[in-house]
Amino acid sequence: LEPCEFKTVSKGQIILNEAEIGQGLYIILSGEVEVFLPKENRKGEVRFSEVKITRLKAGDCFGEYSLIDSDRISASIRSLGESELCYIDKKKFHQFSEFHNRGAKVIYKNLLEILVVRLRSSLKELDMAVVMR
């Protein structure tokens with residue numbers, strides 16, 4: 001059982017939409033994507049403008065929450081140019097992890113490290129915003 005599927009996305013293509021149910025993890029093999037909050041969300045609520053959060057490049061991943069929980073996607077993802085992605089479907093990953101405990105542990109450990117780095121970065125940014133007040 002192979003949990004990976006390779007996808008090519010074109011410039012401007014929306015890969016994930018905020019508030020949809022996440023179906024898997026994406027690893028960027030080449031190219032760059034933008035994480036953003038659209039001006040209007042799926043509930044019809046309108047923000048003042050689109051909110052650009054960050055850019056991700058080759059080696060980064062997104063959609064990792066969907067391997068862990070069943071909550072809705074927290075932001076949208078758009079390709080900034082042609083990008084090659086490795087997609088790991090949530091159901092296939094869980095099937096894979098039943099038979100390959102060691103491989104699943106490595107993936108979960110790496111995801112945990114990514115999430116901790118992102119959390120620490122967010123906390124640092126929040127602290128900087130509070131100190132600047």
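Me: What share of the 133 residues in the protein chain is made up of buried ones?
Reply: In this predicted model, buried residues come to 32% of the 133. A residue gets that label when its relative accessible area is under 20%.

Me: And how much does the protein chain expose?
Reply: About 9000 Å², with carbon and sulfur atoms supplying 55% of that. The C-alpha trace spans about 50 × 35 × 30 Å along its principal axes.

Me: What tells you how confident the predictor is in the protein chain?
Reply: The pLDDT averages 88, and 94% of the residues score at least 70. Among the elements, β7 has the highest mean, 97, while helix α3 (residues 101-132) has the lowest, 82. As a rule of thumb, coordinates should not be read in detail where pLDDT is low.

Me: What does the secondary structure come to?
Reply: There are 3 helices and 8 strands. Starting from the N terminus, the order is β-β-β-β-β-β-α-β-β-α-α.

Me: What makes strand β8 "mostly covered"?
Reply: Strand β8 takes in residues 83-89, and 6 of those 7 are buried. For each of the 6, the relative accessible area is therefore under 20%.

Me: How do you know that strand β1 and β8 pair?
Reply: Count the bridges. Two strands pair if there are at least two bridges between them, and β1 (residues 4-9) and β8 have 6, running antiparallel. To find the spot in the structure, look for E5, which stands opposite Y87 in β8.

Me: What about strand β3 and β8: which sense do they pair in, and over how many bridges?
Reply: Strand β3 (residues 24-30) pairs with β8 in the antiparallel sense over 6 bridges. The cut-off is at least two, so 6 bridges make this a pair. Here S30 stands opposite E84 in β8.

Me: Now the open sheet of 4 strands. What is its order?
Reply: The order is β2-β7-β4-β5, with antiparallel pairing.

Me: Why are β2 and β5 called edge strands?
Reply: β2 (14-16) and β5 (51-57) each pair on one side only. A pair takes at least two bridges. As for the twist, neighbouring strands of this sheet are turned by 30° against each other on average, direction ignored.

Me: What joins strand β4 to strand β7?
Reply: 4 bridges join β4 (residues 32-37) to β7 (residues 76-79), and the two run antiparallel. Since at least two bridges are needed, the 4 here qualify them as a pair. One place to look is E34, which stands opposite R78 in β7.

Me: Why is E34 called buried?
Reply: E34 has a relative accessible area of 6%. The cut-off is under 20%, so at 6% E34 counts as buried.

Me: Which residues does E34 touch, leaving aside those up to four places away in sequence?
Reply: E34, whose place is in strand β4, touches K52, T54, R55, S76, I77, R78 and L80.

Me: What makes K52 and E34 a salt bridge?
Reply: Their side chains meet at 3.9 Å, N to O. The limit is within 4 Å, so 3.9 Å makes the cut. K52 lies in strand β5 and E34 in strand β4, so this salt bridge ties together parts that are 18 residues apart in sequence.

Me: Is K52 buried or exposed?
Reply: Exposed: K52 has a relative accessible area of 55%, and the label applies over 50%.

Me: Which residue forms a salt bridge with K52 at 3.0 Å?
Reply: That's E50, with 3.0 Å between the closest N and O atoms. E50 is partly exposed, at 29% relative accessible area. E34, E50, K52 and R78 are linked in a network of salt bridges.

Me: How many salt bridges does the structure hold?
Reply: It holds 8. One of them brings the side chains of E18 and R47 together at 2.7 Å, N to O. This pair links distant parts of the chain: E18 is in the loop between β2 and β3, R47 in the loop between β4 and β5, 29 residues apart.

Me: Why do E18 and R47 get their accessibility labels?
Reply: E18 counts as buried at 11% relative accessibility, and the cut-off is under 20%. R47 has a relative accessible area of 23%, which falls between 20% and 50%, so R47 is partly exposed.

Conventions: Residues numbered from 1 in each chain as written. Predicted model: local features only at pLDDT ≥ 70, side-chain atom pairs only at ≥ 80, totals over all residues. Heavy atoms only, no water. Buried < 20%, exposed > 50% of the residue type's maximum accessible area, 1.4 Å probe, protein only. Axes fitted to C-alpha atoms, helices over the stretch in contact; angles between N-to-C directions. pLDDT = per-residue confidence, 0-100. Contact = heavy atoms within 4.5 Å. Areas by Shrake-Rupley, 256 points an atom, 1.4 Å probe, with all protein chains shown as cover.
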